[in-house]
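Got your viewer open and a hand on the mouse? Let's take a walk through this one together, stop by stop.

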Amino acid sequence: MKKVNRIFTVIVFIFLYIPMIVLAVASFNKGMDIAVFQGFTLNQYRELFRDDDLLRLLGNSLIIAVISSLIATVLGTVASLGIHSMRGRLRSAVMALTNIPMTNPDIVTGVSLALLFAFTGVLLRINSVLGFWTLLIAHITFSLPYVILNVMPKLAQMDPDLTEAALDLGCTPVQAFFKVVLHEIMPGILSGALMAFTMSLDDFVISYFVTGSGFVTLPVEIYSYTKKPIQPKVYAMFTLIFVAILLLMVTMNLLQARDSSKKLRRKEAHR
Amino acid sequence: MKRKWLSGPYVLWMVLFTLIPLGVVVYYALTDSVTGAFTLSNLANFANYWPIFLRSIWLSIFATLICLLIGYPVAYFIAHCKPSAQRLLQMLIMLPMCISFLLRTLAWVALLEDTGIINNFLTSIGLSPLPLIRNNGAVILGMVYNYLPYMILPLFTVIMKIDPRLIEAAEDLGCNSRQVFSKVVLPLSVPGIVSGITMVFVPAVSTFYISQKLGSPGTILIGDVIESQFKAAYNPNLGAALSLVLMVLIFICVWIMNRFTNEDDEESMVTL
Amino acid sequence: MSQELIRLTSLVMEFDGERVLDSINLYINDKEFLTLLGPSGCGKTTTLRVIGGFLTPTSGDVLFDGKRMNDVPAYRRKINTVFQRYALFPHLDVYDNIAFGLRIAKLNEQEIDERVTEMLEIVSLKGFENRKVTSLSGGQQQRVAIARALVNRPKVLLLDEPLGALDLRLRKDMQNELKRIQQAMGITFIYVTHDQEEALTMSDTIVVMDKGKIQQIGRPEDIYNEPKNAFVADFIGESNILDGIMLEDYKVKFFGRVFACVDKGFEKNEPVDVVIRPEDIDIVSAEEGHLCGTVTSVTFKGVHYDTIVDFKGFKWLIQTTDFCPEGSYIGIRLNPEDIHIMHKSEYSGMFGDYSSYSAEYDEIADAEGSEDEA
């Protein structure tokens, strides 16, 4: 049974990675057609680094991802502290509010924000308010719940006496947060920030509705390729991004593995 | 000292950028696109799109069920690996999600096209090409591919948390391995199943790119219709009305699903 | 020794309309070891948290040296706490945990080092400076928690069931150690526990609490020998509690017989509760006894036998080193000083009957008692 399951899992993983392989192979293809491999070349990569437009789009995506995830992380962490101290109806109300963007389909979130911005445009008598700021607002909005849902469990796990112990030893509430609580919930904050960052970098649907002609992110630009043929250097770019994320994840994984094996050893030594 | 006020800015933000926008959607849905007067015609128009709604629902229910059938054994397998292997496999599940889903869908187009990679291969070994693209099957495949990780991860989290002593207890009380699964493991994975189904069904039913690339004009989904109201036909009022219906529909589905679990929705599975 | 340090006056604490503390009046002297004793949910931890500044009382006052402290936050009180589950900071090592309070107070590193080193010696943890607190055993964590609090030289140390998580042997050692530290440092300890033996061993003064009210305040001997009501009599040690009538000073009647006693000051013919400690009862032959009954169960307890004797349907617990087999008919004698008389209270009739006694009784009661307080 276990063996069958293992083979099945391998097949599913191959299924998940087939498109990646197709993209990676296409990035080394001499020809323009993704489906026909016409010989190996590194030309696409050379092309990529000469293409200022493409790099600028990537830069736009990164700028939005960094700023939005930073703001969402700070705002969300502070909010989590507040929600953590709430009880009863108030808490469920705030959590329901948090769950709206989570359960709402992206397209509805995108449409609703687009309409809000259109409406504000009408009120302010501006032709279009869409651009960097609307994109940033949208990204912060859909990232916030991820931060909160990652930080809240860490707060719940934390021994509530720790805060009191810090106060007892003379910390002001603010000092207690920075000297004690922050350390305890850091893993949650980091994974929340990481999720916010990748969601933002990856987002197409919501960005598509709130982006203006002035400031476009990479995924939105790729969507416009439906109308024109896609350039193989885009494959090259995503192959590089894929490799970069792979390396990042492997490093994190190794660090984590080392950390937990250390903990395990300490536990055993203690016994 | 009221700590709960710390969430003030957040609540304000969420009210401004999620609650009020939903209000604006309702406002647009109930007003005429030209005169701005109150009207129910946008909502009434929804009847014309009923077949498309139904198709979206059917295709995504199919895709969700396939995800569950594929995802459960995989999640079960990962949950029973060593912790180091677990982390690695979990990471490998998430990794594809970091690449734009548009490109991954385009890669499937390259694979499935009439003159695509698979058909080229088939012809090269002397077989006749297959109609792999521009049908419902291709759309379902696209959905399953894109949203499968959203099924596996919550299932994995829940299965991993099942106390192994419970399984031993069940064996001790005379369950064979099949009974252990059906009487203990499966019931305890219900929260993961529910959250996985929600996390696959919601984006699948509202998608608008997959169907454009992998489907045919005859298989457009409600997401495509909404998108075109904003980007092509420019009738945001109709688009708003359709979004509203879609949203209500999904909220009803999620609400029904959540009745299957009495868990707090707060700690749902959306954590790394 | 008896200079007053802390005073609580008609303290009331309510959570969501539920009264957790009901008009608590209490004063605590300098250098005193005071124990708040009671079952879980009696309000002892709440009282401690009010003193520590983690809770603001609904009404009533907290006075330190005669100054009202109600609104002074925890971090401005010259008080430190040893928490129930220690609450050591997991991201800091032993040294940094102990130095935490001194660093907050911005002492210079040299002085911090001196004081931390001195403290490590006092709690016998020298050489553990750089250990992770998570790698320590329960007893060691306990010592770090005590050191972390004491290094700030507080005037008062609050201890919330600090020994609850330790096993029996370690608990006994730590009891002695705590008492030693308290005397060596000469500061006030306010100690919360549900363990009556612990309270009797360590305290100068015991405050017995139940249902948010103080039931009795006194020295351990007084609490044990002169319980004020059936609750205290039952909670501290074992007691047989019977209905009686106080005929006049030094004369009480129960089981239809008049006994001499040492209590006075009751109304004539006042109905009272009579307490007889199981270890005070002398077993004699049936002919010589003031009362006679049949042994219904005998349990060996190590130093003594728990013997249950049925007197006309009312079962008594007698702790004796003499073995009386089940079913034997025996007599007992009561000396005047073995009989303690209490006024009737809301607790009358609730305790002191061993009719449903079983050998597991103690363990069940212990398990209930050790649950965390809400």
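Is Phe323(C) buried or exposed? Select Phe323(C) in your viewer and have a guess before reading on. This residue is exposed, because its relative accessible area is 51%, and the cut-off for that word is over 50%. Keep in mind as we go that you're looking at a predicted model.

**Stop 1: around Phe323(C)**

Stay where you are and colour the surroundings. Phe323(C) sits in a loop of chain C, with strand S18 (314-320) on one side and strand S19 (329-333) on the other. Now show its contacts, skipping the neighbours within four places in sequence: you should find Val298(C) and Tyr305(C). Next, pick Asp306(C) and draw a distance between C-alpha atoms. Asp306(C) is 17 residues away from Phe323(C) along the chain, and the two C-alpha atoms are separated by 9.5 Å.

**Stop 2: the whole of chain C**

Zoom out and select chain C. Its secondary structure comes to nine helices and 20 strands. Lay a box along the principal axes and the C-alpha atoms fill roughly 80 × 40 × 40 Å. Chain C has 374 residues, and 53% of them are buried. Switch on the surface if you like: about 16,800 Å² is exposed in this chain, with carbon and sulfur atoms supplying 47% of that area. As for contacts between residues at least 6 apart in sequence, 68% of those in chain C link residues at least 24 apart.

**Stop 3: who touches whom**

Show all the chains, each in its own colour. Two pairs of chains touch, and the pair with the most contacts is A and B. What about chains B and C? Those two do not touch, and 10 Å separates their nearest C-alpha atoms.

**Stop 4: chain B**

Now select chain B by itself. How many helices and strands does chain B have? There are 13 helices and zero strands, so to speak a straight run of α after α when you read along the sequence. The C-alpha trace spans about 75 × 70 × 30 Å along its principal axes. Of its 272 residues, 52% count as buried. Chain B exposes about 12,500 Å², and 67% of that comes from carbon and sulfur atoms. Among its contacts between residues at least 6 apart in sequence, 71% join residues at least 24 apart.

**Stop 5: Ile140(B)**

Keep chain B up and click on Ile140(B), which you'll find in helix H7 (residues 136-161). Is Ile140(B) buried or exposed? Ile140(B) is buried, because its relative accessible area is 12%, and buried means under 20%. Show what Ile140(B) touches, leaving out residues up to four places away in sequence, and Leu59(B), Phe62(B), Ala63(B) and Ile66(B) light up. For another distance to draw, choose Ser195(B): this residue is 55 residues from Ile140(B) in sequence and 20 Å away in space, C-alpha to C-alpha.

**Stop 6: the largest cavity**

Time to look for empty space. The count comes to two cavities of 30 Å³ or more. The largest holds about 90 Å³. Which residues line the largest cavity? From chain A, select Leu58(A), Ser61(A), Leu201(A), Asp202(A), Leu218(A), Pro219(A), Phe238(A) and Ile241(A), then add Cys98(B), Ile99(B) and Ser100(B). Four helices of chain A each give at least two residues to this lining: H3 (52-84), H8 (173-202), H10 (218-224) and H11 (232-270). Sort the lining by class and you get eight nonpolar, two polar and one charged residues.

**Stop 7: the second largest cavity**

The second largest cavity has about 30 Å³ of space. Select Ile100(A), Asn104(A), Thr109(A), Ser112(A), Phe17(B), Thr18(B) and Leu22(B) to see its lining. Helix H5 (106-124) of chain A and helix H1 (8-29) of chain B each supply at least two of these residues, and H1(B) has the largest share, with three. By class, this lining has three nonpolar, four polar and no charged residues.

**Last stop: confidence in chain A**

Finally, colour chain A by pLDDT. The chain averages 86, and 94% of its residues score at least 70. Where is confidence lowest in chain A? Look at H11(A), with a mean of 76, then compare helix H6 (residues 132-157), where confidence is highest, at 93. You've already met H11(A) among the helices that supply the lining of the largest cavity.

Methods:
Residues are numbered from 1 along each chain as its sequence is written. Chains are lettered from A and ligands numbered from 1 in the order in which they are written. This is a predicted model: local features need pLDDT of at least 70, side-chain atom pairs count only at pLDDT 80 or more; totals for chains, interfaces and linings use all residues. Side-chain values use heavy atoms; hydrogens and water are left out. On a 1 Å grid over the protein atoms alone, a cavity is a set of points where a 1.4 Å probe fits but cannot get out, and a pocket is an open set with protein on both sides within 12 Å along at least five of seven lines; lining residues have an atom within 4 Å of a point. Grid points are joined across faces, edges and corners, and a volume is the space filled by probe spheres set on the points. Ala, Val, Leu, Ile, Met, Phe, Trp, Tyr, Cys and Pro count as nonpolar, Asp, Glu, Lys and Arg as charged, and the others, Gly among them, as polar. pLDDT is the predictor's confidence in each residue, from 0 to 100. Buried means under 20% relative accessible area, exposed over 50%, partly exposed in between (1.4 Å probe, protein chains only). Contact means heavy atoms within 4.5 Å. Accessible areas come from the Shrake-Rupley method with a 1.4 Å probe; for residues, only the protein chains shown count as cover.
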